Amino acid sequence: MATDAVILRLEKVTEQHAEILYSCISNPPLYKYLEEQIPTFMEVKQKFQFAALEKSPDNETMIWLKWVAITPQNQHVGVVEIGIFDDQYAEIGFMTFVGFQNQGYAKIYSSLAIAEAQQRFNLSTLHASVNECNIASRKVVEKLGFKLYKVNRNAELIKGKLSDEFIYRLTF
């Protein structure tokens with residue numbers, strides 16, 4: 001089980017990470033609470049190309065920070081990203097790979113990402129959008145100090161079923 005004493009490091013995602021991480025990122029259980037489908041290798045490669053430049057593939061004015069979390073034994077445990085929009089709205093997202101879930105890693109690597117983004121951009125708030133059914137992610141953001149800010153009713157269509165989207169906010 002991970003603890004705060006576990007040393008994780010963040011490595012900025014590059015195009016080369018696509019090949020290393022694709023089998024982890026494309027694991028079907030990771031998409032249980034996501035609207036998006038499992039990406040193709042080429043989609044991941046393209047997104048990682050943009051991430052290496054800190055640019056979004058979907059929004060030319062957004063700064064997109066993306067890292068892979070790595071243990072001292074060089075195991076890739078997950079990815080974390082923070083998007084910063086031109087109006088200073090910022091949102092975090094994270095994905096812990098199968099085999100490393102429910103061990104405390106997400107809180108550790110997300111804390112590292114938040115600290116780095118905060119140091120660079122001096123954000124006033126950070127948001128997290130979590131599907132109502134994704135209890136594990138909700139627990140992580142709450143442990144990070146996020147507070148439930150808003151509920152968007154029936155905002156997400158997950159596997160043909162409408163569900164609520166919980167918007168959390170962390171104020172600095």
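1. Start with Arg-138: in this predicted model, a polar atom of its side chain sits 2.6 Å from the backbone oxygen of Glu-132. So here the partner atom on Glu-132 belongs to the backbone, and a polar contact needs a pair of N or O atoms within 3.5 Å.

2. Now look at where Arg-138 lives. You'll find Arg-138 in helix 4, which covers residues 135-143. Skipping the residues within four places in sequence, Arg-138 is in contact with Val-130, Asn-131, Glu-132, Phe-166 and Tyr-168.

3. Why does Arg-138 have no salt bridge? The nearest side chain of opposite charge is Glu-142, at 4.8 Å. A salt bridge has to be within 4 Å, so Glu-142 misses the cut-off. Arg-138 is buried all the same.

4. Next, hop over to Glu-165, which is in strand 7 (residues 161-171). Glu-165 is also buried with no salt bridge. For Glu-165, the nearest side chain of opposite charge is that of Lys-150, 7.3 Å away.

5. What does the side chain of Glu-165 pair with in a polar contact? The partner is the side chain of Asn-152, at 2.8 Å. Asn-152 also turns up among the residues that Glu-165 touches, once those up to four places away in sequence are left out. The others on that list are Ser-129, Val-130, Lys-150, Val-151, Ala-155 and Glu-156.

6. Compare the two contact lists and you'll spot Val-130 in both, touching Arg-138 and Glu-165.

7. Finally, the wider setting. An unreviewed UniProt entry lists residues 20-172 as "domain: N-acetyltransferase". Over that stretch the chain is 29% helix and 35% strand, with the end C-alpha atoms 34 Å apart.

Note on methods
Residues are numbered from 1 along each chain as its sequence is written. This is a predicted model: local features need pLDDT of at least 70, side-chain atom pairs count only at pLDDT 80 or more; totals for chains, interfaces and linings use all residues. Side-chain values use heavy atoms; hydrogens and water are left out. Helices (H or I, at least four residues) and strands (E, at least two) are DSSP runs, numbered from the N terminus. Buried means under 20% relative accessible area, exposed over 50%, partly exposed in between (1.4 Å probe, protein chains only). Lys and Arg count as positive and Asp and Glu as negative; His and the chain ends are not counted. A polar contact is a pair of N or O atoms within 3.5 Å; within protein, one must be able to donate a hydrogen and the other to accept it, and residues adjacent in sequence count only if both atoms are side-chain atoms. Contact means heavy atoms within 4.5 Å. UniProt positions are given in the numbering used here, feature names are shortened, and annotations may be inferred rather than shown by experiment.
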